[in-house]
Amino acid sequence: MSTERFLKQRAVNIAVNGHYTLPNWYDPQGKLRTFACRTTRVSPYRMMVDVPVVGKVGDSLTSYFRDFGKLDGHISDTRPGGFLLELDVSYATRERLSNKLTWLEEKQKDPAIIDLRRHPRVVPAQSHSTLTLADGAIHTCFIIDMSATGAAVSAELQPEIGTPLAVGTCVGRVTRIFAGGFAVKFVEKLNQNDLDRFIARPITGSASGAAKAVSEPDESLVEKMDA
């Protein structure tokens, strides 16, 4: 099914964080790599997912979502920064997913959630951004969440702890590696209201594959990393 057809079907527009593995994507130790992802629209039969690595139409994959559990499926359509996942699950799993979606849709009507963290994490309106390395190289990435002091990121790139880089226009260093991505601590604390403006950046590219950063390398970012 195409993304356009799915948009006309009954489904729930909802953001649920998860992670997934693609075939033939391995880390240096020979294990399948895990990437973070986030749903944007879900039905008991398929879901639209924002991702850092898109894969190809026909690819089978395994995913896991906090609210849905483990879901197997295959990619039926792609777009820059995301894909449409056809769910290959049992009837019982579809029933469970349908009931969960009904509950989540009702919960969305009362979104009063208090975050007690000192620097609360937020999910960006635009999930994708860019990573600028100290040598000026730019890579696309997926923002898992972000705060005034740092961001959790998933990307094809696998930097080491201590690596200086910029997420969007925010310079920092990699402080932690975790399943599906890595954490970056910013050199300077941001205003909470400026997170989307400085961290998230749109990407462009063909629907079939790699997305590309819109902007050219920012020499000022490289200079800050060298400082």
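## Helix H2 and an aromatic cluster

Helix H2 comprises 18 residues (91–108); at 1.5 Å a residue it should span 26 Å, and its end C-alpha atoms are 26 Å apart, which agrees. The model is predicted, and every value reported here is computed from it.

The buried residues of H2 are Thr93, Arg94, Leu97, Leu101 and Leu104. They cover an arc of only 95° around the axis, and therefore lie on the same side of H2. Among the elements that cover these buried residues are strands E2 (35–42), E5 (69–79) and E6. On the face of H2 turned away from its buried side, the exposed residues are Tyr91, Ala92 and Asn99.

Strand E6 also contributes to the aromatic contacts, through Phe83. A search of the whole structure yields four aromatic pairs. In one of them, the ring centres of Tyr20 and Phe83 are 5.8 Å apart and the planes stand at 85°; because the angle is over 60 degrees, the pair counts as edge-to-face. This pair links distant parts of the chain, its two members being 63 residues apart. Both Tyr20 and Phe83 are buried. Tyr20 and Phe83 further belong to one aromatic cluster, together with Trp25 and Phe35.

The strands that hold the two members of the edge-to-face pair are listed below.

| Residue | Strand | Strand residues |
|---|---|---|
| Tyr20 | E1 | residues 17–21 |
| Phe83 | E6 | residues 82–87 |

Strand E6 thus appears in both parts of this account: it is among the elements covering the buried residues of H2, and it holds Phe83 of the aromatic pair.

Methods: Residues numbered from 1 in each chain as written. Predicted model: local features only at pLDDT ≥ 70, side-chain atom pairs only at ≥ 80, totals over all residues. Heavy atoms only, no water. Phe/Tyr/Trp six-rings, centres within 6.5 Å; stacked < 30°, edge-to-face > 60°. Helix = DSSP H or I, 4+ residues; strand = E, 2+ residues; numbered from the N terminus. Buried < 20%, exposed > 50% of the residue type's maximum accessible area, 1.4 Å probe, protein only. Expected span 1.5 Å × (residues − 1). Arc of directions from axis to C-beta. Contact = heavy atoms within 4.5 Å.
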